[in-house]
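Here are my notes on the model you asked me to look over. Have the structure open while you read, and go point by point.

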Amino acid sequence: MRRVVVPVLLVFAALSAPSLASARPPATYTWCGTGETTANRVPDLEVTSDQQVRFFYAIPSDGTDNFQATADGIVNDAAWIDQWWQAQDPSRTPRFDRYPFPGCTSPWGQLDIGFIRLPHTAAYYTTRDSPSILLDEDLAGDFPGTQKSIVYYDGPTRNDQICGETDYLSNTFGGDNGIVYLFPQSACGLTPIGSGSSAEVAAHELLHNLGAVADQAPNECPTSQSHVCDSKQDILYPFLSPDSNLDLVTLDVGHDDYYAHSGSWWDVQDSAWLEHLPQFPFSLSEQGSGRLVARSGTLKLPCDAGCTSLSLDNGATVSVLAVPAAGFAFSSWSGACSGTAPSCVLSVGAGTSATATFVKATLRVTAAVTGKGKVTSSPAGISCPGICRTAFAVPVRLTAKPSPGWKFTGWRGVCTGTRPCALSATASVRAVFARR
Ligand SMILES: [Zn+2]
């Protein structure tokens, strides 16, 4: 992470490339949300990772609230960035935070947009050339460390040639370091939001915040750090052309500087804030009575009692643990998981579903240990000390293993001798270990 102020600047018409006709977004979306909240709306629709990009609309304490009028434009910017990104790289798109608003059938209408009324007046934020450092100070600590934020600051700016800004190159951090700003009231022609260059500026600043451009990039501009100067059509060219928009620019011309390049320096294509496409539907279900503890990476999935048609990234790794209810035992998996061990690890590379079957427990096993050693079971379930009592639907074999410096002297209870102990009915056994 480097702290650098990386604005995209308006270029005057006389200095710009010939103006190209402004394209329209491919579709016009309407935001499904209502209300103004700063907090993340839960549940999130994106469940592969909590490293998500969230949009905000922010005004100074004395600013006019145009949130409802701006929200549709922000939705169109998000949709446009998504479509543009996939056109540039079909295997990736930013993981934008979305929320299942009731009755919302449009995927982009579900964008989770936050609202912020800032603690200071418009005059305060115009005391410096750009407001981003002051905004960073006021927003510090407000956002989760996993979140990247795109903030549309609807207030006046002192230097209205600055269209947007981010204060960090931050390929591993979100939170305070993960904030991107857009300045709709600049002279950059970003309004109406969603109709032209606002999506381009948002994507430009987001790329900076995802870690572009590293100093090793061969075409980094000599006088404009973190930008590239090999082509005016590159989205990370330092200047915004009049009437430009996302469809007229390219994600790393030549793929040699910051995206899908073959160099050893940081590549934004590897960012954890990008989805790996295509996403696939993912479902878990259960028969009998129990609970499914499922995680994608460290993020818990809403699958305790089963889940249907979650969308997970291509290549996502999901771990599932089947935990039987009282009086039940885990029997087996079917579908994408198999076997009789209660834990299962899945790699998502297609539509994926698995079913855990729990059955009425027919035998309950209680194990105990004297001395130092461990008793484990096949099928898995007992791991004593730790888990010393559980129920099984099938016959069980217990194995005793002494700790270093100890030896197993034999079973007590229904088992005898030192060989593994086979049980086909409810029983209690004790393993006795003695010092060598
Ligand atoms: Zn820039």
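The points below go through the domains, one helix pair, some backbone oddities and one sheet.

1. **What we are looking at.** First things first: this is a predicted model. The domain assignment splits the protein into domain 1 (2-274), domain 2 (278-360) and domain 3 (363-435).

2. **Domain 2 against domain 3.** Take the C-alpha centres of domain 2 and domain 3 and you find them 29 Å apart. The two do touch: nine residues on the domain 2 side are in contact with five residues of domain 3. Which strand gives the largest share of the domain 2 side? That is strand S17 (residues 328-335), with three residues. As for chemistry, the domain 2 side that touches domain 3 has six nonpolar residues, three polar ones and no charged ones.

3. **A helix pair to look at.** Packed helices are usually described by two values, the angle between their axes and the distance between those axes. For helix H1 (residues 67-88) and helix H4 (residues 198-209), the axes come within 9 Å and cross at roughly 65°. The crossing of H1 and H4 is right-handed. On the H1 side, the contact uses Asp77, Trp80, Ile81 and Trp84, while H4 brings in Ser198, Ala199, Ala202 and Ala203. Sorted by type, the residues of this H1 and H4 contact come out as six nonpolar, one polar and one charged.

4. **Two cis peptide bonds.** Most peptide bonds are trans, and most residues other than glycine have a negative phi, so exceptions deserve a look. One cis bond joins Val42 and Pro43, with omega at about 5°. Pro43 belongs to the loop that runs between strand S2 (8-10) and strand S3 (53-59). Another cis bond links Leu277 to Pro278, where omega is about -5°. You will find Pro278 in the loop between strand S11 (274-276) and strand S12 (280-287).

5. **Two positive phi values.** Asp252 has a phi near 60°, a positive value in a residue that is not glycine. Asp252 sits in the loop between strand S10 (239-240) and S11. Is Asp252 buried or exposed? Asp252 counts as buried because it has 27 C-beta neighbours inside 10 Å, and the cut-off for buried is 20 or more. Ala260 is not a glycine either, yet its phi is positive at about 55°. Ala260 also lies in the loop between S10 and S11. Here the count is 16 other C-beta atoms within 10 Å, so Ala260 is partly exposed.

6. **A four-stranded sheet.** Strands in a sheet pair through backbone hydrogen bonds, and they can run parallel or antiparallel. In this model, one open sheet of four strands has the order S23-S20-S27-S25, and its pairing is mixed. Which strands are at the edges? Strand S23 (389-392) and strand S25 (406-413), each of which pairs on one side only. On average, neighbouring strands of this sheet are turned by 25° against each other, ignoring direction.

7. **One strand pair up close.** Within that sheet order, strand S20 (residues 363-370) pairs with S23 in the antiparallel sense, over four bridges. If you want a spot to zoom in on, try Thr366, which stands opposite Arg389 in S23.

Note on methods:
Residues are numbered from 1 along each chain as its sequence is written. This is a predicted model: local features need pLDDT of at least 70, side-chain atom pairs count only at pLDDT 80 or more; totals for chains, interfaces and linings use all residues. Axes are lines fitted to C-alpha atoms, for helices over the stretch in contact, and angles run from 0 to 180 degrees between N-to-C directions. A crossing is left-handed if the near helix is turned anticlockwise from the far one by less than a right angle, and right-handed if clockwise. Two residues are in contact if their C-beta atoms, placed from the backbone, lie within 7 Å. Ala, Val, Leu, Ile, Met, Phe, Trp, Tyr, Cys and Pro count as nonpolar, Asp, Glu, Lys and Arg as charged, and the others, Gly among them, as polar. Domain bounds come from an automatic or database domain assignment. A residue is buried if 20 or more other C-beta atoms lie within 10 Å of its own, exposed if 12 or fewer, and partly exposed in between; C-beta atoms are placed from the backbone. Two strands pair if DSSP finds at least two bridges between them.
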